[in-house]
Structures are given as C-alpha cells and as structure tokens.
Amino acid sequence: MAQDDILDEQTEPSEQPEQLEHTDERETILQVEQLEKAYTIPGGQLQVLHDVNFTVQQGEFVAITGQSGSGKTTLLALLGALDTPDSGEIRLHNQAVHKLRGVAAADFRREQVGFVFQLFYLLPNLTALENVMAPLLPYRRKLNFDLKQRAKELLEQVGLAKRMGHAPARLSGGEQQRVAIARALINRPNVLLADEPTGTLDPRTAVEVLDVLPGLQRAGSQTLIMVTHDPQVAALADRCIHLEHLSKVGE
Ligand SMILES: Nc1ncnc2c1ncn2[C@@H]1O[C@H](COP(=O)(O)OP(=O)(O)OP(=O)(O)O)[C@@H](O)[C@H]1O
Ligand SMILES: [Mg+2]
C-alpha cells in the first residue's frame, strides 16, 4: 500500500477559523513528492518511506507523528539535506533539496535550515552564548549583522538572559534545549526542523520549551516541522502529518 494512502493529513479543528483561511493563502514553501527511502540491512532492504507526498505553507507549524520506526527522523534528515532520498523530490523555495550533495548541502543547511534534536548536542566547553554563536562563528567576518548581539537577543527571547555565561553542565535540561533552539535560529532559517525536542524532558520542563518554540517560530514567521510522539504537543500544531510504519523488508 502506498504510504500516502495512509498518510493521514489532518487539519486540527481550529477555534479561530479566520487564521486557518489565512494559512491557506500562504505561499507553499516546501513540496515533497513521491519520496522513497530504504536502508540496506542484513537480509535485504528496509523500506522506511514509500510514496510520501505533502506540502507545507510558509509559517506553518506542522507536527509529524507516527510510531517508533515509522521513519520520522529519516524524513527530517531528508528535508534538511542531511541524507538523500532514493527517489522522489523535495523542493524548498523551489530549490531541489533532493539533489544537494557535499558543500552544496552544507551551504543549504547553514542558510535555510535550523535543527533542534532530542539530545541537545551543546558543546560542553562553551558557554550558552558561545554555543548559540558557534554555527556561524567561522563566517563571522562575512556576516551583515553582529553575531554576538543576535545570539544575545535570541537567548533573551528564550528566557535565558541571566544564563548566557553558563556552560551546559550548569543548565537544566529545559534550559539546555532552549539554548539549542536559540542556536537553531541564529541563521534566521526559513525552516526549523525539530526531532522530538521535548522527548527527554519531564512534562513541566517540556512545557517551558513548548512555550518558547512556536512563539519564536511565529515571531520570525519561520516554518516549524516538529516530530513528536506526544498527542498534546501535536495538538499545538496547525496540522499533523502521520507516518504509518511500513515494517516491510524487501530483497
Ligand atoms: N542508517 C540506518 N541504517 C539502517 N536502518 C536504519 C538506519 N536509520 C534508521 N534505520 C531504520 O529505519 C527505520 C526508521 O527509523 P527512524 O529513525 O526514521 O524512525 P523514527 O520514526 O524516527 O523512530 P523513533 O520514534 O523511534 O525515533 C527504523 O526501523 C530504523 O531502525
Ligand atoms: Mg526518531
């Protein structure tokens, strides 16, 4: 069965239908067509994504749900040019993401995408401020803005004005994830890709993170694509895309 037959694109019932109409008028920023991805494993090929099709509008907050192993992380990696599909197309702003390799893929990630992972991957020997600056530090002299100033503003926006000089070990899990979110936004990306950003956090700390993430995305009119297991998190999104588990090993 084609995955798009079971790819369940739902529009959440909205209390503000006028906002939904506005969403529909927005520009399509991301187009995914007939995406296929399999991994070679002992004994054959593990088909993870099959005939995946969807579009995302500029500024939308889309949740990607699906059980463990359904290919959510695989899909984010393809959208962010961290990996390449076997076939199919991914277009972001009409750029053919599926064709990007090497330096072109790295440039695309730096210019267009912000990543937030479940494990925060902060550099332990740097302060919060230095971690937020880190992705653009090698390009500092070529930037048309003050990197340190922008990093400070982002940390203020995620509520960490008083923690800028702290190393990750001196921050709570929720604070570390908020530093990681600020870091993901340092390049003002068109698309923010978040893979279970609250997955390792207790529910109260998760709320701290979820309070800042969609707000920042709306403020910067970024498009947010967030993988989540949590129905309460998915309910915050404008729309859910549900991936079914294919659990199929082919030759
Ligand atoms: N590099 C790889 N080589 C082989 N198999 C892989 C590889 N990466 C992922 N897989 C397999 O592909 C399937 C999908 O993995 P993926 O990480 O995308 O799932 P997921 O939906 O993100 O799961 P989870 O909710 O547990 O994070 C899994 O069965 C996984 O074991
Ligand atoms: Mg995953």
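**Getting to know the fold around ligand 1**

Biologist: By class, how many nonpolar, polar and charged residues does the shell around ligand 1 have?
Modeller: Keep in mind that this is a predicted model. Ligand 1 is surrounded by residues that include Tyr-39, Ile-41, Leu-46 and Val-48, along with Gly-66, Ser-68 and Lys-72. Sorted by class, the shell around ligand 1 comes out at 4 nonpolar, 7 polar and 1 charged.

Biologist: Which element gives the most to the shell around ligand 1?
Modeller: Strand 2 (28-41), strand 3 (44-57) and helix 3 (72-79) each bring at least two residues to it. The top contribution is 3 residues, and it comes from helix 3.

Biologist: How many of the 8 residues of helix 3 are buried?
Modeller: The buried ones are Lys-72, Thr-74, Leu-75, Leu-76, Leu-78 and Leu-79. Their cover includes strand 2, strand 3, strand 4 (61-65), strand 5 (87-92), strand 8 and strand 9 (223-227). So helix 3 is mostly covered, and its count of buried residues is 6.

Biologist: Which residue follows helix 3 and has a positive phi?
Modeller: Just past helix 3 there's a phi near 60°, and it belongs to Ala-81.
The end of helix 6 offers another case, with a phi near 80° at Gly-159. Back at helix 3, the residue you asked for is Ala-81.

Biologist: How do strand 2 and strand 3 run, parallel or antiparallel?
Modeller: These two form a hairpin with 2 residues between them, and Gly-43 in the turn has a positive phi of about 95°. Leu-35 has Val-52 in strand 3 as its bridge partner. In total 10 bridges join strand 2 to strand 3, and the two run antiparallel.

Biologist: And how many bridges join strand 7 to strand 8?
Modeller: In a regular strand the side chains alternate between the two faces of the sheet. In strand 7 (residues 113-116), Val-113 and Phe-115 point one way while Gly-114 and Val-116 point the other, and all are buried. Phe-115 has Leu-193 in strand 8 as its bridge partner. Strand 7 and strand 8 run parallel, and the number of bridges joining them is 4.

Biologist: Why are the buried residues of helix 6 on the same side, and what arc do they cover?
Modeller: The residues in question are Ala-151, Leu-154 and Leu-155, in helix 6 (residues 147-157). They end up on the same side of helix 6 because the arc they cover around the axis is only 100°.
What covers these residues includes helix 5 (128-133) and helix 7 (173-185). The arc itself is 100°.

Biologist: Which helix gives the most to the largest nonpolar core?
Modeller: That core has 60 residues, and those with the most contacts inside it are Ile-64, Val-132, Leu-155, Ile-181, Leu-193 and Ile-225. With 6 residues, the biggest contribution to this core comes from helix 7. As for Leu-155, leaving aside neighbours within four places in sequence, its contacts include Val-132, Met-164 and Ala-182. The helix you're after is helix 7.

Biologist: Is Glu-196 buried or exposed?
Modeller: Glu-196 sits in the loop between strand 8 and helix 8 (203-219), and has a positive phi of about 45° although it is not a glycine. Arg-188 also has a positive phi of about 45° without being a glycine, but Arg-188 is partly exposed, with 13 other C-beta atoms within 10 Å. The cut-off for buried is 20 or more. Glu-196 has 21 other C-beta atoms within 10 Å, so Glu-196 is buried.

Technical notes
Residues are numbered from 1 along each chain as its sequence is written. Chains are lettered from A and ligands numbered from 1 in the order in which they are written. This is a predicted model: local features need pLDDT of at least 70, side-chain atom pairs count only at pLDDT 80 or more; totals for chains, interfaces and linings use all residues. A residue is near a molecule or strand if its C-beta atom, placed from the backbone, lies within 6 Å of it. Ala, Val, Leu, Ile, Met, Phe, Trp, Tyr, Cys and Pro count as nonpolar, Asp, Glu, Lys and Arg as charged, and the others, Gly among them, as polar. A residue is buried if 20 or more other C-beta atoms lie within 10 Å of its own, exposed if 12 or fewer, and partly exposed in between; C-beta atoms are placed from the backbone. The arc is that of the directions from the helix axis to the C-beta atoms. Two residues are in contact if their C-beta atoms, placed from the backbone, lie within 7 Å. A nonpolar core is a set of buried Ala, Val, Leu, Ile, Met, Phe, Trp, Tyr and Cys residues joined through C-beta atoms within 7 Å. Two strands pair if DSSP finds at least two bridges between them.
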